[in-house]
Amino acid sequence: MSIRVTSLDQLNLAFADRFNARDLDGLMALNTPDVVFVPAPGAAVTGTDAVRGALEQFLGLNLPISMTVRHVFESEGTGLAVADWTITGTGPDGSAIDLAGTTADVAVHDDEHGWRYVIDDPFGTA
């Protein structure tokens with residue numbers, strides 16, 4: 001069972017925790033059913049299978065993500081979360097991985113699910 005995110009400033013940190021635990025189901029639970037995920041700048045995917053596949057690719061790097069929340073803004077159950085992230089280290093094939101970005105995420109809140117992503121754009125400034 002997933003833990004509800006009750007404060008918008010914890011949503012990106014919950015993502016990092018679940019990412020670092022390699023908890024794909026936990027990551028998926030942070031999304032609304034109709035989430036838009038942007039796994040590469042300007043390339044959005046929708047639908048459970050596509051989003052799950054894109055997240056699996058990131059998890060396949062087998063490296064931790066670090067996340068620093070920069071700003072959150074909310075109005076009547078809709079929020080915008082901006083955070084800086086990095087994934088660095090040696091990938092499974094021995095190559096150096098140095099990914100970083102600033103995510104710009106739209107989230108919604110309801111009493112049953114807490115805060116969840118509607119649009120998850122890790123490359124929000126690209």
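Visitor: Which strands form the hairpin that has Gly42 in its turn, and how many residues lie between them?

Guide: Strands β1 and β2 form this hairpin, with two residues between them, and Gly42 in the turn has a positive phi of about 80°. Elements here are DSSP runs numbered from the N terminus, helices being H or I over at least four residues and strands E over at least two. The model is predicted, so local features need pLDDT of at least 70 and side-chain atom pairs count only at pLDDT 80 or more, while totals for chains, interfaces and linings use all residues. Residues are numbered from 1 along each chain as its sequence is written, and side-chain values use heavy atoms, with hydrogens and water left out.

Visitor: How many bridges join β1 to β2, and in which sense do the two strands run?

Guide: Two strands count as paired if DSSP finds at least two bridges between them. In this case three bridges join β1 to β2, and the strands run antiparallel, with Phe37 standing opposite Val45 in β2. With β6, strand β1 also shares three bridges, but there the strands run parallel, and the bridge partner of Val36 is Ile119 in β6.

Visitor: In what order do the strands lie across the sheet, and is the sheet open or closed?

Guide: In a regular strand the side chains alternate between the two faces of the sheet. Here six strands, in the order β2-β1-β6-β5-β4-β3, form an open sheet with mixed pairing. Its edge strands are β2 (43–46) and β3 (65–75), each of which pairs on one side only. Neighbouring strands are turned against each other by 30° on average, direction ignored; such angles run from 0 to 180 degrees between N-to-C directions, along axes fitted as lines to C-alpha atoms, for helices over the stretch in contact.

Visitor: Which residue in the turn between β3 and β4 has a positive phi?

Guide: That residue is Glu76, with a phi of about 45°, in a hairpin where two residues lie between β3 and β4. The two strands pair in the antiparallel sense over 10 bridges, and one position to inspect is Phe73, whose bridge partner in β4 is Leu80. Further along the sheet, seven bridges join β5 (residues 96–110) to β6 (residues 114–121), again a pair that runs antiparallel, and Asp110 stands opposite Gly114 in β6.

Visitor: Which strands do helices α1 and α3 meet?

Guide: Helix α1 (residues 11–20) lies across β3, β4 (78–90), β5 and β6, and runs at about 150° to β3. Helix α3 (residues 48–59) packs on the sheet and touches β1 (31–40), β2 and β4, its direction making about 45° with that of β1.

Visitor: Which residues does Pro39 contact, leaving aside its neighbours within four places in sequence?

Guide: Contact means heavy atoms within 4.5 Å. Pro39 lies in strand β1, and, with those neighbours left aside, it is in contact with Val45, Ala54, Phe58 and Phe123. Pro39 and Phe123 are 84 residues apart along the chain, yet their C-alpha atoms are separated by 7.9 Å.

Visitor: How many salt bridges are there, and which parts of the chain does the pair of Asp25 and Arg52 link?

Guide: Side chains of opposite charge can pair when their charged atoms come close. The rule for a salt bridge asks for a side-chain nitrogen of Lys or Arg within 4 Å of a carboxyl oxygen of Asp or Glu, and by this rule the count comes to three. In one of them the side chains of Asp25 and Arg52 meet at 2.8 Å, N to O. This pair links distant parts of the chain, 27 residues apart, with Asp25 in helix α2 (residues 24–29) and Arg52 in helix α3.
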